[in-house]
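Please examine the sequence and the three-dimensional structure shown below. The report that follows is meant to be read beside them.

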Amino acid sequence: MSDQTHMHVEHDIAPGDEEQHSVRERILGYVVGLGLALLLTATSFFIAGTNLVWQPSIPVALIVLAIAQMGVHLVFFLHITTGPDNTNNVLALAFGLLVVFLVVGGTVWIMAHLNQNMPPMDQIMQMPR
Amino acid sequence: MPAVPTVEATMLGKLDWSAIPLDQPIPLAAGGVVLLVILGVLAWVVVKGHLPYLWHEWITSVDHKRIGVMYILLASVMLLRGGSDAIMMRIQQAIAYQSQGYLPPEHYNQIFSAHGTIMIFFVAMPFVIGLMNLVVPLQLGVRDVAFPTLNSVGFWLTATGALLVNLSLVIGEFARTGWLAFPPLSELSYSPGVGVDYYAWSLQISGVGTLVAGINLVTTVLKLRTKGMNYLRMPMFCWTTLASNLLIVAAFPILTATLAMLLLDRYLGFHFFTNEAGGNVMMFMNLIWAWGHPEVYILVLPAFGVYSEVVSTFSSKPLFGYRSMVLATMAICIISFMVWLHHFFTMGAGPDVNAIFGIASMIIAVPTGVKIYNWLFTMYGGRIRFATPMLWSVGFMVTFIIGGLTGVLVAVPPADFMLHNSMFLVAHFHNVIIGGVLFAAFAGFEYWFPKAFGFRLDERWGKVGFWFTFVGFWVTFMPLYIAGMLGMTRRMQHYDVAEWRPWMLVAAFGMLLLTIGVLAQVTQIVVSIRNREALRDRTGDPWDGRSLEWATSSPPPVFNFAFDPDVRGEDAYWALKHHAKQQQLEDHSGPEYQDIEMPKNSPTGFVCAFFATVMGFALIWHIWWMVILGGVGAFATFVVFAWRDHDEYVIPAAEVERIDRINIEERRNLVSLAGTL
Ligand code: HEM
Ligand SMILES: [Cu+2]
């Protein structure tokens, strides 16, 4: 950050306070968001029950739909954009994603390897006391 | 269990007279003393007519400085409680060689569990959060934190947690599971009493408070900086505050979720962590440490910030390597989320997993090392003044290096297989937490006390306190390293190995020195309050400081600054001061004074916490009607708060001017005095 930069504090807008848009535009935004969210939800329920697609792909499809759902919420309801007035929000999101990735990824990895240094149960049973 | 609940069971849940431990004199006496002290203070307050003052100026205050002071007060009181636990444990281990000592096992277990819980959650956490609250808005040059009322809610919820833990002394019992309540021991089948419930509910409630404080402080640093205070001009303490509170926001929800699962197991027969029905205790280990390791950095990062401020001020030099310091802080912030498995190397994971997490843990020592060198280079060539805060800082550097090194040692998996859960580990974490966090708390306390109250602390007693604590620390904890290497495990109520005995005796002697240190610090406060007129600081800048908190009077007015300070570089106040000296503070024709709007006081926090206390207590004792009452009450409080119309009041420009003129006058005297020297 160079010394000339203005305090971008003034330009940065918290989620929710957007004075620039008219009420109509904002309502429209929420309606579109709601529509997309409902569509994605309905699709998830449909996919879960159908046998039109290859069965093992169902969990993957559900994960994809869930992530899309999060995207819709972030954009339409929490108003995360890529505009310059959104640096803090985007950075916060990135930090959150990083932490979630580290914790969830790490957990999956750790839990899958927990028994590597453990003898199988039947061997423990036969150990001399 | 009767099929149809009796009237008593409906009214009082599990609570009856057997909950009062009449057969155990020690906790009852301790609880009784605490109760007497509280009642005594309350009675004194009411009789002297201080109650309205207390209510209007402190309990309902949303001023970040007042809230900061209350956090620190809570931490200090709890330090005495946790310290008493420590004294009892050291005495027990000193005499329990081939004997049962004086504490029966079930009692000893409660003491070490309460000690750890209290020291981490109700001493270290409130102390650092208190310092951040007190100082950060001042350093940023702003009038308040981002969410003043939320701030008060956060404090009072923390106090609720502390109250519940202490209540367990007289009503019921505390957990016997250690400070992290590992299952399956903490499950209903092995801990059927209310101990674990006391533990879990106090942490759930105070955890919400901590999360709220974290959100508040992150927002404050990101959104509320004065003109020209861009990120790379913020004092180091603000940076470490940002990093620490980002960690709070990211990590505390993990703790809440984990404890919630444990509570579901205990209350509703779930099987997240039980031995049977598909539960997995290792998931608890995994989750609790995914919070637990970031937690230690939540504590130590603000501590690093305090040292940065103190070392630079008392060396009369800018902080060496400011940018590398920022980078190191943020690096620690991220890496601290990549090492948690090092707390359970020995629990089954294979070489790949252990090696990766071991290496990641050792890497954290690199940015920490960078910081140590930066402090040393800041001191190098400076005109160092060894006032009490500086003593704590130098003491920290010497002590913390050993703690860091033993940390790296236990981060080597093969070494950890020998040292895990031994007294060596106990020595390691006390070495970093006392030598790092507690020393910083004391340094910050001595350093910012004049800012908060307008008079300095007595230097002589402060130094006595430092030396006894410093030497006492080494005498208490170095023997524990040795005992650990001789094979002594942690949390032993008694033992039969002769080689350990001498070290336990030395450690007990060290504890005596530590106790004297604490008493010296209490004396210091009493003596200083008595001599406050002689110790009065009229300048607002007793240490020749460098950052903006010293630019206003001590104690600062509610609005902190009459004008938004204009920041042109690092060490904002230092630059201002030298600029002003050149101009002899001639022109103060500056801008016109303006009305200032400040947030109104609000009892929301206190009332919320009252209902949270009721609800927590009821949950612990299964008194369901009271749970509902507490929940409805807390929610109603929130609704009332959300619907209020006027949340700000105006301080008229004339009043601002009057207050500010006094401050300017004092300062002008200071500058002209400096001119004559
Ligand atoms: C160079 C930095 C550090 C490294 C490499 C490190 C490494 C470790 C390791 C490997 C353990 C687990 C050992 C075992 O259970 O056998 C441990 C435990 C612990 N460390 Fe550190 N540590 C470091 C710094 C810190 C700091 C700065 C703090 C606190 C401010 C801290 C607090 C703790 C605590 C509280 C425990 C024990 C928790 C328990 O089991 O109850 N450590 N450390
Ligand atoms: Cu750790």
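This report describes the metal sites, the interface between the chains, and several individual residues.

The structure is a predicted model, in which local features need pLDDT of at least 70, side-chain atom pairs count only at pLDDT 80 or more, and totals for chains, interfaces and linings use all residues. Residues are numbered from 1 along each chain as its sequence is written, chains are lettered from A and ligands numbered from 1 in the order in which they are written, and side-chain values use heavy atoms, with hydrogens and water left out.

## The metal sites

Donors are N, O and S atoms within 2.8 Å of the metal (3.2 Å for Na, K and Ca); water is not among the atoms, so sites may look incomplete. The copper ion (ligand 2) has the protein donors B:His293 (ND1), B:His342 (NE2) and B:His343 (NE2), at 1.9 to 2.1 Å. Along the chain, the donors of the copper ion (ligand 2) follow the spacing H-x48-H-H. B:His293 belongs to helix H9 (residues 281-314) of chain B, while B:His342 is in the loop between helix H10 (322-335) and helix H11 (351-379), so the pair ties together parts that are 49 residues apart in sequence. Helices (H or I, at least four residues) and strands (E, at least two) are DSSP runs, numbered from the N terminus.

B:His293 is buried at 5% relative accessibility, and B:His342 is buried at 17%. Here, buried means under 20% relative accessible area, exposed means over 50%, and partly exposed lies in between (1.4 Å probe, protein chains only).

The iron atom of ligand 1 has B:His428 (NE2) as its only protein donor, at 2.2 Å. B:His428 is part of helix H14 (residues 423-453) of chain B. The iron atom of ligand 1 and the copper ion (ligand 2) are separated by 4.5 Å.

## Chain A and its interface with chain B

Chain A contains four helices and zero strands. Of its 129 residues, 22% are buried. Among the contacts in chain A with a separation of 6 or more, 60% join residues 24 or more positions apart; a contact means heavy atoms within 4.5 Å.

At the interface, 27 residues of chain A contact 35 residues of chain B. The size of an interface is often given as the accessible area lost when the parts come together. Between chain A and chain B, about 2,500 Å² is buried, and carbon and sulfur atoms give 72% of this area. Buried area is the accessible area (1.4 Å probe) that two parts lose on being put together, summed over both. The side of chain A that touches chain B has 15 nonpolar, ten polar and two charged residues. In this classification, Ala, Val, Leu, Ile, Met, Phe, Trp, Tyr, Cys and Pro count as nonpolar, Asp, Glu, Lys and Arg as charged, and the others, Gly among them, as polar.

The rule finds zero salt bridges across this interface, a salt bridge being a side-chain nitrogen of Lys or Arg within 4 Å of a carboxyl oxygen of Asp or Glu. One residue pair across the interface is in polar contact, with both residues at pLDDT 80 or more. A polar contact is a pair of N or O atoms within 3.5 Å; within protein, one must be able to donate a hydrogen and the other to accept it, and residues adjacent in sequence count only if both atoms are side-chain atoms.

## Buried residues of chain B

B:Pro126 lies in helix H5 (residues 105-140) and is buried, at 1% relative accessible area. Beyond its neighbours within four places in sequence, the contacts of B:Pro126 include B:Tyr71 and B:Phe121. B:Gln204, in helix H7 (residues 195-223), is also buried, at 10%.

B:Ser554 occupies the loop between helix H17 (532-535) and helix H18 (572-582) and is buried, at 12%. Its side chain makes polar contacts with the side chains of B:Lys451 (3.1 Å) and B:Asp537 (3.4 Å).

## Backbone features

Most residues other than glycine have a negative phi, and most peptide bonds are trans. The table lists features of chain B that depart from this pattern.

| Residue or bond | Feature | Angle |
|---|---|---|
| B:Pro183 to B:Pro184 | cis peptide bond | omega about 5 degrees |
| B:Ser554 to B:Pro555 | cis peptide bond | omega near -15 degrees |
| B:Asn421 | positive phi | phi about 55 degrees |
| B:Arg491 | positive phi | phi about 60 degrees |

B:Asn421 is partly exposed, at 30% relative accessibility, and B:Arg491 is partly exposed, at 33%.
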